[in-house]
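Trainee: Please show me the sequence and the structure side by side, and I will then put my questions one at a time.

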Amino acid sequence: MDRGAGPAAGEDDRRRIARTDVLLAEPRLAGAAGRLGRGVVKAAIAAAQRRARDGEIAPEAVADAAVASLPPSAAGLRPVINATGVLLHTGLGRAPLSAAAREAVAVASGATDVELDLATGRRAGRGRSVLAALRERVPQAEAAHVVNNGAAALVLAAAVLAPGREIVISRGEMVEIGDGFRIPELLAATGARLREVGTTNRTAPADYAAAVGEATGFILKVHPSNFRMTGFTRGAGVAELTGLGVPVVADIGSGLLAPEPLLPDEPDAASMLRAGADLVTASGDKLLGGPQCGLLLGKDEPVRRLARHPLARALRVDKLTLAALEATLRGPLTPTGEALHADAAVVRGRAERLAARLRDAGVDAAAVGSEAAVGGGGAPGVVLPSAAVSVPEPYAARLRRGTPAVMGRVEDGRCLLDLRSVPPELDGVLAEAVRVQADRAEAR
């Protein structure tokens, strides 16, 4: 019997509450202990026992209450359906991995030949197959190296190519890249000195030429990936800087390996290398659609120097990242790529069908036009035509707290569930999540 908010249990009821060791032997809880860990299950049992002692639940309901309160996994992270319309949502981990990448991670989670040649039984180069895949995707790169994120790629370049020396950079490219990380502070932490040239809005090749000298380690070009500057502006391209006698490093940020017609202003690694850059740094978890990592692509000599530096060991990636990155490079179009290239008319049709399904379930839902964004600090100002399912604003908080969690956005007093950022195969899951919240609201 559910006691609701009744008085605390009496002495007889307390004696009827099963002991922890007995509950741990209950099949459902025993299985959960093997999956989640004994400590997690014991904590759930203790909480359920307290509820029974306080009279909130009946003693015989302790096992059920403990099972109901168990987390879905041993980790604290929860799956979320990204219905924000931001394809690379930083708060949601940016790029979702492809099915091929997830399968590769599962394989790599056990013992693998990450540093072993199975044919000879001898030690082999770490990440050799993913480096080959990078060179296949970007044939302009003579060599490649992978570190744990884009900022680490830039740090390694500075530590190796400009220790105690100057990095020449335009004032207009001294950017902040998110969460308070600023390029000047990042580079200064390596011991390099920054030599600012030009002005905030205009920097010409002559400004770089005047600054280059014996103390110069390299020229750095940074793509201002999270903002746009318009009006009276001037910048120098990589091709204009390659004849100044020092290496040119291009930080493109977003991880685009080749030109993308939908994002004409977004720099890519292949174009930067063709223009003469000695080294290109980029992220692997943004437009590339892979796991979080940093990519270094370029001429053989500087890349090899970076890979041999002691700091490279501290910045290296694990076998799971290597597996996911290779599968991303060699596998089919990633979820990010699919969302970016989705036909707006197809997305609108999905929204209309989903809204009709929800109306049949008694939900105040409508299909509306929407504007999606790339996100992840890339392609600022690019608007992607989309469509969303509009439901009452209170659904925003309810869906966030549901299982699975759904993240939409609120506009003009309505909760919009933008479908460009939702994989089509999750439409049914999304509809059910909304319906469940509607039923719970009605039950209240």
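Trainee: Where is the place of Arg94?

Mentor: This is a predicted model, in which local features need pLDDT of at least 70, side-chain atom pairs count only at pLDDT 80 or more, and totals for chains, interfaces and linings use all residues. Residues are numbered from 1 along each chain as its sequence is written, and side-chain values use heavy atoms, with hydrogens and water left out. Helices (H or I, at least four residues) and strands (E, at least two) are DSSP runs, numbered from the N terminus. With these names in hand, we can place Arg94 in the loop between β2 and α6.

Trainee: What value is the phi of Arg94 near?

Mentor: Most residues other than glycine have a negative phi, and most peptide bonds are trans. Arg94 is a residue other than glycine with a positive phi, and its value is near 55 degrees.

Trainee: Which residues does the cis peptide bond with omega near 0 degrees join?

Mentor: We should look in the loop between α17 (395-401) and β14 (405-407), the place of Pro404. The cis bond, with its omega near 0 degrees, leads into that proline, and it runs from Thr403 to Pro404.

Trainee: How many Å separate the centres of domain 1 and domain 3?

Mentor: The domain assignment (its bounds come from an automatic or database domain assignment) divides the protein chain into domain 1 (19-69), domain 2 (80-91 + 337-443) and domain 3 (98-332). When the centres of domain 1 and domain 3 are taken over C-alpha atoms, the separation is 50 Å.

Trainee: Are α6 and α14 roughly parallel or roughly antiparallel to each other?

Mentor: Axes are lines fitted to C-alpha atoms, for helices over the stretch in contact, and angles run from 0 to 180 degrees between N-to-C directions. Helix α6 (residues 99-108) and helix α14 (residues 319-330) have axes 8 Å apart and pack at an angle of about 150 degrees. Angles under 35 degrees count as roughly parallel, over 145 as roughly antiparallel, 65 to 115 as roughly perpendicular and the rest as oblique. The two helices, α6 and α14, are therefore roughly antiparallel.

Trainee: How many nonpolar, polar and charged residues are in the contact of α6 with α14?

Mentor: Contact means heavy atoms within 4.5 Å, and here Ala100, Ala101, Ala104, Val105 and Ala108 of α6 meet Lys319, Leu320, Ala323, Ala324, Ala327 and Thr328 of α14. For the classes, Ala, Val, Leu, Ile, Met, Phe, Trp, Tyr, Cys and Pro count as nonpolar, Asp, Glu, Lys and Arg as charged, and the others, Gly among them, as polar. Sorted in this way, the residues between α6 and α14 are nine nonpolar, one polar and one charged.

Trainee: Is α3 roughly parallel or oblique to α4?

Mentor: Helix α3 (residues 27-36) packs against α4 at an angle of about 135 degrees, and their axes are 7 Å apart. That angle makes α3, relative to α4, oblique.

Trainee: Which residues of α5 are met by α4?

Mentor: Helix α4 (residues 38-53) and helix α5 (residues 62-69) pack at an angle of about 135 degrees, with 8 Å between their axes, and that makes α4 oblique to α5. From α4 come Ala44, Ile45, Ala48, Gln49, Arg51 and Ala52, and in α5 they meet Val62, Ala65, Ala66 and Ser69.

Trainee: Which are the edge strands of the open sheet of five strands?

Mentor: Strands of a sheet pair through backbone hydrogen bonds, either parallel or antiparallel. Two strands pair if DSSP finds at least two bridges between them, and in this sheet the pairing is mixed, with the order β2-β12-β13-β16-β15. The strands that pair on one side only, which are the edges, are β2 (86-88) and β15 (409-411).

Trainee: Which residue of β12 is the bridge partner of Val86?

Mentor: Strand β12 (residues 366-375) runs parallel to β2, and two bridges join them. In β12, the bridge partner of Val86 is Ala373.

Trainee: What is the average twist from one strand to the next in the open sheet of seven strands?

Mentor: This sheet has mixed pairing and the order β5-β11-β10-β9-β8-β6-β7, with β5 (143-147) and β7 (193-197) as its edge strands. From one strand to the next, the twist averages 25 degrees.

Trainee: Which residue in β8 does Glu166 stand opposite?

Mentor: Strand β6 (residues 166-170) pairs with strand β8 (residues 216-222) in the parallel sense, over four bridges. Opposite Glu166, in β8, stands Thr216.
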